Amino acid sequence: MSTLHKNCLAQPGRKKVQISFVIRDEEERRHRAGINSLQLDSKQGILYSAGRDGIIRQWDVRDNVEASYLRSLEHHTDWVNDIVLCCGGHYLISASSDTTVKLWGLRKENTCLSTLRTHKDYVRALAYARDKEVVASAGLDKTIFMWDVNMLTTLTTTNNTVTTASLPGSKNSIYSLAMNNSGTVLISGSTEKVLRVWDTRTSDCMMKLIGHTDNVKALVVNRDGTQCLSGSSDGTIKLWSLGQQQCIQTLRIHKEGVWALAATENFSHVVSGGRDKKIYMTDLKNPNKVQLICNESAPVVKMVTTPDMSAIWVATSESSINCWVSMFRKQLNRLRKSDETADFDDVPTEPYNQEPFRTLKGAAAIRKYHVLNDKRTILTQDTEKNVAVYDVLKASKLQDLGEVDFDEEIKKRHRIIYIPNWFSVDLKTGMLTIHLGQDENDCFAAWVSAKEAGINVTDDNLRVNYGNRMLRSLLENWLNRIQTDHGTSDGAQSTELNAQTKLDSQCCRIPKHTPLMISEVGGRCLYRMLVSQAGDENDVSILNETIPSWVMNVIVEKSIPKALKISFYLVPLSNTCIRPVKNGTLRPSRDRLVANDFIQVQKIAEYIHEKLSENDGSGPYNKTSDCISNHLQGNTPEKNFELSCNDQILSPTMDLRTLKHFIWKSSADLTIYFKAKH
């Protein structure tokens with residue numbers, strides 16, 4: 001074993017690690033799934049959107065120009081749950097379900113500058129103190145961390161040590177955060193149904209505000225930290241006095257959970273949205289004045305307003321972003337009731353807007369998939385009911401079928417062939433993410449013939465291992481780099497391995513823009529890059545440390561996994577002229593044979609032909625008459641013999657695993673019968 005990889009192969013106590021990649025377009029200009037957060041740089045006229053497809057996008061939303069896509073920020077591997085602009089729009093911080101917080105440079109780099117891995121679970125919320133340039137992050141690990149943005153901007157690959165203050169003590173997962181501009185007051189909302197108010201200077205919880213009956217999903221605090229607004233899944237909006245430590249007003253406007261809030265700087269008005277898809281503006285000084293701004297097409301997740309509150313950008317669980325004209329500075333509708341507590345039975349039902357003022361169109365997300373029996377083709381259906389065909393080995397889309405019947409298309413493309421599962425599929429980001437590992441599905445389980453892999457060769461015995469080829473293609477640049485750096489050469493490989501490598505190279509080519517991830521199974525991502533970057537100097541050193549041993553053993557140490565074996569009995573039919581023999585005497589017993597699971601029926605026929613052609617009497621079968629002598633002369637074996645199982649005649653091209661799965665349908669050793677054709 002090469003000394004280069006000894007440390008990589010020995011990783012005691014490490015969690016199971018998988019290799020994953022995403023099948024996608026080279027440039028994803030539109031969101032593929034819901035949008036979790038928005039930020040508006042009004043001076044630059046740029047809107048930032050954080051998507052469930054793991055991508056942060058920038059949009060040109062300047063006045064008097066058509067809103068359009070600018071660029072993407074890509075490094076997260078799961079939902080981006082929240083974003084905040086810092087340092088006058090020079091930096092952006094993001095929080096993700098991949099458990100990381102990331103700092104992005106916006107003015108020149110437009111790249112990820114640093115990744116913070118302090119959280120142990122999904123990071124759901126961020127809060128920003130503009131005057132102090134401090135950001136707080138929190139999530140499902142029940143812990144709040146405080147980050148000095150100016151310090152984060154100084155981090156480099158060699159100087160990446162970061163210190164942070166933590167605010168422990170929450171009993172439940174945190175879903176919302178808010179902090180005043182001076183950073184003196186931080187408020188968290190959680191499934192605990194209470195608001196916790198923290199002193200950021202001492203990291204102590206100063207008070208708990210009790211009143212909600214469900215998860216607190218949205219928070220806004222005023223500039224001086226004396227009042228706070230909260231929105232909850234219980235459907236209410238509450239205005240709290242932090243000095244009095246109590247709720248001073250409850251708004252019951254929404255019929256379902258309130259998930260998003262935005263308020264004027266002086267807390268005169270609040271805009272609210274949530275599960276009921278409605279966005280309202282309420283006058284907090286006269287809470288019986290409420291206006292329905294619009295009806296969205298999906299639950300409202302986040303909102304951001306223009307500085308003058310004249311327009312509202314809205315993110316929902318769908319992929320498009322709408323901008324609506326607000327009612328601010330206009331006369332709001334007065335409710336019939338004259339008391340101070342609004343009630344949704346009296347709120348307006350006619351929206352101020354019938355159509356959005358501007359729309360940033362999203363793309364459809366894949367919501368359904370089916371892996372065909374060839375275990376390389378995937379049929380998908382998206383949110384617009386369009387069906388498409390993907391090839392896993394090419395990591396690309398083959399065909400758009402349009403709005404066809406998904407189930408009928410599966411039936412139409414069904415083949416009687418069985419290949420073991422060697423990958424798993426994830427649709428969480430609205431795109432196809434393929435996972436390769438040795439957990440539920442063995443990445444190296446699928447051996448297929450060259451013909452099945454779509455390769456034209458003269459030798460029918462050559463086989464392709466899908467998992468091996470896929471990993472070699474994904475990591476091709478890295479393999480070439482380490483072979484060059486350490487003097488390894490393909491010339492040292494065996495003839496058989498050379499033939500296999502040459503064969504594999506024709507099987508698939510992965511697009512260079514394909515995102516490649518190394519992650520713990522069911523856990524955090526260890527590293528993400530593009531396939532084209534796998535040979536870069538920095539990436540090579542990181543890959544040497546993160547690639548799991550089960551991958552190293554196969555693609556570096558050349559320990560190609562062996563195909564699975566299937567045992568079976570080969571029995572002449574009772575009415576045939578062939579009888580099993582042992583030591584020259586007829587016997588009724590059956591021979592138990594073992595072969596690779598991809599061996600085809602025609603190979604078994606060749607075996608029978610060979611044994612019956614032996615003249616020394618040592619073969620396992622005896623020809624009790626000359627009835628097949630002529631057939632053994634000049635005919636191909638599959639024309640001489642008819643093989644069957646469970647009373648079904650077998651096709652010469654059917655392999656053993658397909659036979660066992662579709663015809664034998666039992667875990668016991670299968671039995672194959674044969675007879676001579678007459």
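The second largest pocket of this predicted model has a volume of about 1,100 Å³. Its lining comprises 33 residues, and those nearest the centre of the pocket are His75, Cys112, Thr115, Tyr527 and Arg528. Four elements each give two or more residues to this lining: the strands β5 (68-74), β9 (111-116) and β39 (525-530), together with α7 (537-546). Of these, β9 supplies the largest share, with six residues. Sorted by class, the lining of the second largest pocket contains 13 polar, 12 nonpolar and eight charged residues.

Cys112, one of the residues nearest the centre of that pocket, has a relative accessibility of 23% and therefore counts as partly exposed, since the buried class ends at 20%. Cys645 offers a contrast: its relative accessibility is 0%, so it counts as buried. As for cysteine pairing, a search of the whole structure finds zero disulfides.

From the open pocket the reader may turn to enclosed space. The structure holds one cavity of 30 Å³ or more, and the largest cavity contains about 70 Å³ of space. Its lining consists of His75, Thr77, Asp98, Thr100, Lys102, Arg117, Cys525, Leu526, Tyr527 and Arg528. Here β39 gives the most, with four residues. By class, the lining of the largest cavity divides into four charged, three polar and three nonpolar residues. His75, Tyr527 and Arg528 belong to the lining of the cavity and are also among the residues nearest the centre of the second largest pocket.

Further along the chain lies helix α11, which spans residues 656-664. Its buried residues are Leu656, Arg657, Thr658, Leu659, Ile663 and Trp664. An α-helix has 3.6 residues a turn, so residues three or four places apart point the same way. Among the buried positions of α11, Leu659 and Ile663 can be viewed with this spacing in mind. Just after α11, Lys665 takes a positive phi of about 55 degrees.

Finally, the confidence of the prediction deserves attention. The chain averages a pLDDT of 86, and 84% of the residues score at least 70. Over residues 584-589, however, the pLDDT stays under 50, and the model has nine contacts for this stretch beyond four places in sequence. Residues 624-628 likewise have a pLDDT below 50, with 12 contacts in the model beyond near neighbours in sequence.

Methods: Residues are numbered from 1 along each chain as its sequence is written. This is a predicted model: local features need pLDDT of at least 70, side-chain atom pairs count only at pLDDT 80 or more; totals for chains, interfaces and linings use all residues. Side-chain values use heavy atoms; hydrogens and water are left out. Buried means under 20% relative accessible area, exposed over 50%, partly exposed in between (1.4 Å probe, protein chains only). A disulfide is a pair of cysteine sulfur atoms within 2.5 Å. pLDDT is the predictor's confidence in each residue, from 0 to 100. Contact means heavy atoms within 4.5 Å. On a 1 Å grid over the protein atoms alone, a cavity is a set of points where a 1.4 Å probe fits but cannot get out, and a pocket is an open set with protein on both sides within 12 Å along at least five of seven lines; lining residues have an atom within 4 Å of a point. Grid points are joined across faces, edges and corners, and a volume is the space filled by probe spheres set on the points. Ala, Val, Leu, Ile, Met, Phe, Trp, Tyr, Cys and Pro count as nonpolar, Asp, Glu, Lys and Arg as charged, and the others, Gly among them, as polar.
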